[in-house]
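Biologist: Please take one helix and go through it closely. I would like to know what is packed away, what covers it and how its ends look.

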2 protein chains.
Amino acid sequence: MTYCVGLKLDRGLMFMSDTRTNAGVDNVSSVRKMYSWEKPGDRLITLLSAGNLATTQTVVSILEEHMKPVDDRSPSIMDTPSMFATAQLVGETVREVIKTASDGGLQSEAAFSATFILGGQVAGGDTRMFLIYPEGNFIEATQDNPFFQIGEHKYGKPILVRAFHKDMSFEEATKLLLVSFDSTLTSNLSVGFPLDMQVYRRDALARGFEKRFLPDDSYYRRISEGWSDALRVAFETLPDFEMN
Amino acid sequence: MTYCVGLKLDRGLMFMSDTRTNAGVDNVSSVRKMYSWEKPGDRLITLLSAGNLATTQTVVSILEEHMKPVDDRSPSIMDTPSMFATAQLVGETVREVIKTASDGGLQSEAAFSATFILGGQVAGGDTRMFLIYPEGNFIEATQDNPFFQIGEHKYGKPILVRAFHKDMSFEEATKLLLVSFDSTLTSNLSVGFPLDMQVYRRDALARGFEKRFLPDDSYYRRISEGWSDALRVAFETLPDFEMN
């Protein structure tokens, strides 16, 4: 599995993804699931992927026009007129890749499934974030629905629901993302280090702060241990039930 | 879906289950998923169920010999020589029911699937708790694995992992169960009130404290609201990331 989160904040977007990939439990390796396209002053587009690795890598390769010689590449994802059009492009590509992979081949459609979070900004528009389904259609993050999770999302959801607020700072949002990932990492083997993080500051139209968290990162360790302790303390402060 | 938890504590066993059952999202109703058999001085056996309701109700009906006239019933679950033998009996019944339901019928085996938590004590033995799979085999709770969850288990797992300790009191364990259920209830529509709780005090060989929590229960409300606040406070106490 995988765990990826995209947050839509007032001041911009934040993305975090794990890097664990596995076929069964013994064929485990590490792969980046965060892809970015940048044309400074014009656009910054970031894509997070969960699902079949062959599908997600093929989608990205097509978006980057890897089938053409390097000099002839002119990825249309660099020329879409809006984020909505970008989501349509990615959605169509996903649908096409899954259709091709499952057409007359060995396995069922489900095995090739993949889901994406797409976020960014194209000059002339606002920051936008979409969740793109394997069917190629998508939904957009709104005031009522300001974050998306894909992959192994259940363990890390309760803290997001409770602590997220759209006017939080990037620094506080980093803490929130790490707590959410830490809850997932401690409960599920299929999500693993390193964790990739990217910040997009609204109207920057260029890459923002990026960091890869390793398991021995000192800030991650403080959050992980601190959160365990803080949870226990929080739990202690609640009154015990009275049984009679 | 469903959410049920069984805890194996030093001082006994605790069980909690929700009561939501649904076929799709509009055919929602409430059904008890906790069943107990008691012969005071000899045994107390409790069964929690998750999965296809037709399967789980049939399993319980067979265990209670509902196919016989009332006067002729002599459920073998009241006569098993040990908890292990009880787990074998339940496991065989589950396998048989699923096999019969899926044999030549309309749907795949998966649709009839069900999982159970079985716990209790039979005179002469210690308290024991088992997780029984749809295949009819089972695993037992141990020191390393002192609680079982079935159904929608992911949201409520992180707090169990962090706050459970086997020498906790029943009063504190009630708090833990409610926090775990509250995290699940706030994240997933398929788990719902009321919540049934049962306490089994080691060597009592009889029913212990039982309670059905309704959404307006004053203790539940204190825990739910208190936990939201406590989580936010805990989150505040952690240091923000420093981005540079």
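Modeller: In α2(B), the buried residues (under 20% relative accessible area, 1.4 Å probe, protein chains only) are B:M83, B:A85, B:T86, B:A87, B:L89, B:V90, B:G91, B:T93, B:V94, B:V97, B:I98 and B:S102. This is a predicted model: local features need pLDDT of at least 70, side-chain atom pairs count only at pLDDT 80 or more, and totals for chains, interfaces and linings use all residues. Residues are numbered from 1 along each chain as its sequence is written, chains are lettered from A and ligands numbered from 1 in the order in which they are written, and side-chain values use heavy atoms, with hydrogens and water left out.

Helices here are DSSP runs (H or I, at least four residues) and strands likewise (E, at least two), numbered from the N terminus. The cover over the buried residues of α2(B) includes α1 (53–63) of chain B. Strands β6 (43–51), β7 (114–122), β8 (128–132) and β9 (138–140) of chain B are also among the covering elements. Contact here means heavy atoms within 4.5 Å.

Now the length. Helix α2 of chain B runs over residues 83–102, 20 residues in total. The expected span is 1.5 Å times one less than the number of residues. That gives 28 Å, and the end C-alpha atoms lie 29 Å apart, which agrees.

Then the ends. B:S82 caps the N-terminal end of α2(B). A side-chain oxygen of B:S82 lies 3.4 Å from the backbone nitrogen of B:F84. After α2(B) comes B:G104, with a positive phi near 75°.

Last, the partner chain. A turn of 180° and a shift of 0.0 Å along the axis lay chain A on chain B with an RMSD of 0.1 Å. The two copies are thus related as by a two-fold rotation axis. The superposition is by least squares on C-alpha atoms of residues with pLDDT of at least 70 in both.

How values were computed: Buried means under 20% relative accessible area, exposed over 50%, partly exposed in between (1.4 Å probe, protein chains only). A polar contact is a pair of N or O atoms within 3.5 Å; within protein, one must be able to donate a hydrogen and the other to accept it, and residues adjacent in sequence count only if both atoms are side-chain atoms.
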